[in-house]
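Dear colleague,

I am handing over the structure below, together with some notes on what was found in it. Please keep it open beside you while you read.

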Amino acid sequence: MRLKTFRTKVRTLLLVGATVLALTGGLLVSWPERAGAAGASGTAADPLISRGKPATASSTESSSLGAKNAFDGNAATRWASAEGKDPQWIRVDLGASATVSRVRLTWEAAYAKAYRVEISADGTAWTTLATESTGNGGTDDWTGLSGKGRYLRVYGTARGTSYGYSLFEAEVYGTAGGGPQPGGAFTVVAAGDIAAQCTASDSGCAHPRTATLAQQLNPKFYLTMGDNQYDDARLSDYRAYYDKSWGAFKDRTRPVPGNHETYDPAGSLAGYKAYFGSIAFPQGKSWYSYDEGNWHFIALDSNSFDQAAQIDWLKADLAANGKKCVAAYWHHPLFSSGGHGNDPVSKPVWKILYGAKADLVLNGHDHHYERFAPQDPEGRATADGIVEIVGGMGGAEPYPIEQVQPNSQKRISGPYGVLKLDFTDTGYGWSYVGTDGQVKDTGPTYSCH
């Protein structure tokens, strides 16, 4: 049931005072189902479980109005969607399966006339918890809900104004552990160096084909390893090229930037941030982490490995990690047999990951596929080392293999394709699949350290 509150109603209540309280008491007796809806028992005790959690949205009006603002507990910040477009949505990852009993939405002037509150276990299949068809702004307090899932979404279908949708706060209340914790096997599709400045109308354009393949593999989510858009990663180019291919599953993509994202004349990462919004900055920086099953994923910005802020964050993130298995991904590889070769900028990060017993590193930058045997940051083969995969074959022109590095087990240059990564609670394996649908290489199966 929804309890509707308006700013004008609050002022009226303050003036009327005791009379309203008395009337309210009578209403609660007459309609006892509203007692639970108003939080008189049970529901009020459920904790707020969405504060500070990773959030994404279908669009943002600007980089300062990202999805995370609706879950930061700050009444002065807000999320706003692109203006004049329906439908739009905002969702939060609660981090684990939870039982949701209440959702409180505080709208800005740009409110939703019609929307649904939905919940999902996997971020793909959604179940409706509440529906509004005659919304008129203010605060919507949906109580007495009963839903289980990890992801909660507000899905707007009709705007109340000519603008977009805008929320000061979206608060989700409930209890963690409302179902089985995420775990078991899942698949991820990954690639770097993706959208050349071409479209499917050009027979030589590869990124529409890698996008089609990626969708056919139907993973849990997608990773990109930088240089997502060429040549200067302007917002206009993202919209003209990347969005026409890999943009089809943007809401399920967890990207990192490459060096080409820093070339934007509007500013380093400007187009990247404007296009992906909070998807690429879920924790406020161009680096972030998240969990899936028994895995901890760390998305890093290798353009900024010289910044103490990112290095300090990485150390703290690994220290706080409670998952058995760890995978990290960024753009510049420490080891590569391609044209760019080994990039020492990544060595300090490798040392930190190796010390934390990380399992897997994914990179792009060189436009080929390559896998390495487990090794330490000095390039010495060791059973407790990190496996590195270069996956820069997402659509940009291939680079030749130039100088084969020690511990390189397989190298393929030429065919475009994606990495299909298969994760379990105790290990992982992968294959390199070409756009012709053929498996070009299958890596060993490894157990987590």
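A good place to begin is the end of helix 4, where the residue that follows, Asn218, has a positive phi, near 50°. Please bear in mind throughout that this is a predicted model.

Helix 4 itself covers residues 207-217, and its buried residues are His207, Pro208, Thr210, Ala211, Leu213 and Ala214. Among the elements that cover these buried residues are strand 10 (186-191) and strand 11 (221-224), and further along the chain strand 20 (417-423) and strand 21 (427-434).

The other region I would point you to is strand 14, residues 295-299, where five of the five residues are buried, so that the strand is largely enclosed by the rest of the structure. Trp295, Phe297 and Ala299 point to one side of strand 14, while His296 and Ile298 point the other way, and all of them are buried.

Strand 14 has a neighbour in strand 13 (residues 288-292), to which it is joined by five bridges in an antiparallel arrangement, and within this pairing Tyr290 stands opposite Phe297. The two strands form a hairpin with two residues between them, and in the turn Gly293 has a positive phi of about 60°.

Strand 14 also pairs with strand 15 (residues 325-329), again through five bridges, but here the two run parallel, and the bridge partner of Phe297 in strand 15 is Ala327. Together with helix 7 (residues 308-320), strand 14 and strand 15 make a right-handed β-α-β unit.

With best regards

Methods: Residues are numbered from 1 along each chain as its sequence is written. This is a predicted model: local features need pLDDT of at least 70, side-chain atom pairs count only at pLDDT 80 or more; totals for chains, interfaces and linings use all residues. Side-chain values use heavy atoms; hydrogens and water are left out. Buried means under 20% relative accessible area, exposed over 50%, partly exposed in between (1.4 Å probe, protein chains only). Helices (H or I, at least four residues) and strands (E, at least two) are DSSP runs, numbered from the N terminus. Two strands pair if DSSP finds at least two bridges between them. A crossover is right-handed if, with the strands pointing away from the viewer, the path from the first strand over the helix to the second runs clockwise. Contact means heavy atoms within 4.5 Å.
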